[in-house]
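This report goes through one protein model, from its overall figures to selected side-chain pairs. Please keep the sequence and the structure in view while reading.

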Amino acid sequence: MSVSNAPSALSSAEARSPITRTNIILLGVLLVQIAIVAFVFWPRASTMTGGGALLAGITADAVTAITITDDNNRSVSFTQNADGWALANTDGYPANAEKISQTLTKLLNINTDRLVTRTSNSHSRLQVADDDFLRKITVSTAGGEQTLYLGSSTGASATHVRAAGEDATYLTNEVATWEMDTLATTWIDVTYHQVQKDEINSVTLQNANGTFTFVRNGEEWTLADAGADEPIASANISTLIDRIATLNLHTVLGKSESPDYGLATPLATIIVTSTATTADTATGVTTDTVSSESSEPQTTTLVVGAKDEETDTYYLKSSDSEFYVRLAAFTGDEFVNKQRADFHVQPEAAPDANAPASAPENDPAVNTLPVVTETTTITDEAAAEPATSVQATEEITATEEITTIEEVTATDVVTTEETTEEASIDASEALTTTLTPEASSTITN
């Protein structure tokens, strides 16, 4: 009997089992699909034995130009010649050679040891595609140029990088995307004119509002033609001198003047006379300090030309530099719009005769009640007399400064005829508890 029932028992156990052969096959297929997706799309680094430089065959000395372009189509370029690195399209304005050399070394050190993908389908996702990138860096040599695309990062020191024309994408910790700034002023010395303030003897400012010459008066600054009774604001002049002592450029234009610059009819001219060593940051030419009493002081003329509304800048040229530049408007406005009154101590504003008079916080007349000088005992009969209550109210509320009469009417002391003699209240006691001792008045019956 047990033998005959065995097959049916086995079938029953198979029916109750939650995992069937079909389920096992489907689960295996799913795992294989997940593995394929992870292999193709998941960023990973794998070591490649013998991986070489991504920019193969290039040395730092052979590089003649570098161009960096960002994802907003803004770019900056540098050129290298016998004099070193310069900002491109500026007639040779010097760039920060040390910073550019360090950046170039990092680019040349990028290798192919950490492969991420060999397929082009991942380029846009990793932001290293020809038309979808974070940075595009072109390195030029006499033999041609090579381009790198820098994309997204997987960590603090892991950036996706791809060479143009290649499908393979790698990870590098040599350079980060943020280091490849496209703002030109990041790569140059922005100081256009500089002289120590304590070495300036005088400054003359000319604009449409007049000519102002500033000279030292001991430790302070004043107007050279200031009258004996003219209130000079030395601090205002000192602030202006600070701006003139160090001027930073906004944009380098080059060595060629254009009529658009408006320098033939300047909006402002600044003449700085000093005994200081002045340096032209663009050429490195230094003027020695004037040490002999018979020597002429060093004079620098700064000419502020037209305002470019589109860039919100002024055109500027210094007699110490061969380069024309742009100056930020917030600085240029200081020179163009200054007038003599700006260097005067401003008088205090006169009080408005039509304005309501306001008493000081501690004025005893404000929010105070008059002092009772005559003591009158108010009985229940007196409290019952309307005339007494009204007269006391009128005497007290005659003062304009009282804001409410509720505290001082006789009804606050005695309210009904039901008040007994034992409850009689001396008016001086009741009132003086809420009154200040500064004012005086009289309450009568």
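The text below covers confidence, overall make-up, one surface patch, a strand, aromatic pairs and salt bridges.

## Confidence and overall make-up

The model is predicted. Its mean pLDDT is 78, and 67% of the residues reach 70 or more. In residues 9-14 the pLDDT falls below 50, and the model gives this stretch zero contacts beyond near neighbours in sequence. Residues 44-50 also have pLDDT under 50, but here the model has 16 contacts beyond four places in sequence. Where pLDDT is low, predicted coordinates should not be read in detail.

The protein has 445 residues, of which 36% are buried. Its secondary structure consists of nine helices and 28 strands. Of the contacts between residues at least 6 apart in sequence, 64% join residues at least 24 apart. The exposed area is about 25600 Å², with carbon and sulfur atoms supplying 50% of it.

## A nonpolar patch

Leu-27, Leu-30, Leu-31 and Ile-34 make a nonpolar surface patch of about 390 Å². One of these residues, Leu-30, belongs to helix H2, which spans residues 21-41. Leu-30 counts as partly exposed because its relative accessibility is 43%, and partly exposed covers values between 20% and 50%.

## Strand E10

Strand E10 runs over residues 144-155 and contains Leu-150. Leu-150 has a relative accessible area of 0% and is therefore buried. Its C-alpha lies 5.9 Å from that of Val-128, although the two residues are 22 apart in sequence.

Ser-152 is also found in strand E10. With a relative accessibility of 16%, Ser-152 counts as buried, since the cut-off for buried is under 20%. Beyond neighbours within four places in sequence, Ser-152 is in contact with Arg-125, Leu-126, Gln-127, Leu-134, Ala-158, Thr-159 and His-160.

## Aromatic pairs

The count of aromatic pairs comes to seven. One of them joins Phe-78 and Trp-187 in a tilted arrangement, 5.0 Å centre to centre with 55° between the planes. Phe-78 is in strand E3 (residues 75-81), while Trp-187 is in the loop between strand E12 (169-172) and strand E13 (191-194), so that the pair links parts of the chain 109 residues apart. Both Phe-78 and Trp-187 are buried.

Tyr-93 and Phe-323 form an edge-to-face pair, with 5.0 Å between centres and 75° between planes. Which parts of the chain does this pair tie together? Tyr-93 lies in strand E5 (residues 93-94) and Phe-323 in the loop between strand E23 (313-318) and strand E24 (324-328), so the pair ties together parts 230 residues apart in sequence. Tyr-93 is buried, at 2% relative accessible area, and Phe-323 is buried at 1%.

An aromatic cluster is formed by Phe-212, Phe-214 and Phe-343.

## Salt bridges

The structure holds 13 salt bridges. Three of them are listed here with their N to O distances.

| Pair | N to O distance |
|---|---|
| Arg-243 and Glu-334 | 3.8 Å |
| Asp-333 and Lys-307 | 3.7 Å |
| Asp-308 and Arg-326 | 2.7 Å |

The Arg-243 and Glu-334 side chains meet in a salt bridge at 3.8 Å. This pair links helix H4 (residues 234-245), which holds Arg-243, to helix H5 (residues 329-337), which holds Glu-334, across 91 residues. Arg-243 counts as partly exposed at 30% relative accessibility, and Glu-334 counts as partly exposed at 23%.

Helix H5 also holds Asp-333, whose partner Lys-307 is in strand E22 (residues 298-308), 26 residues apart in sequence. Asp-333 is partly exposed with a relative accessible area of 25%, and Lys-307 counts as partly exposed at 28%.

Is the bridge of Asp-308 and Arg-326 made by buried or exposed residues? Asp-308 and Arg-326 are both buried. Asp-308 lies in strand E22 and Arg-326 in strand E24, so this bridge ties together parts 18 residues apart in sequence. Elsewhere, Asp-225, Glu-230 and Arg-340 are joined into one network by salt bridges that share partners.

Conventions
Residues numbered from 1 in each chain as written. Predicted model: local features only at pLDDT ≥ 70, side-chain atom pairs only at ≥ 80, totals over all residues. Heavy atoms only, no water. Patch = residues over 30% accessible without salt bridge, like charges linked within 9 Å, V, L, I, M, F, W, Y side chains within 5 Å. Areas by Shrake-Rupley, 256 points an atom, 1.4 Å probe, with all protein chains shown as cover. Salt bridge = Lys/Arg side-chain N within 4 Å of Asp/Glu carboxyl O. Helix = DSSP H or I, 4+ residues; strand = E, 2+ residues; numbered from the N terminus. Buried < 20%, exposed > 50% of the residue type's maximum accessible area, 1.4 Å probe, protein only. pLDDT = per-residue confidence, 0-100. Contact = heavy atoms within 4.5 Å. Phe/Tyr/Trp six-rings, centres within 6.5 Å; stacked < 30°, edge-to-face > 60°.
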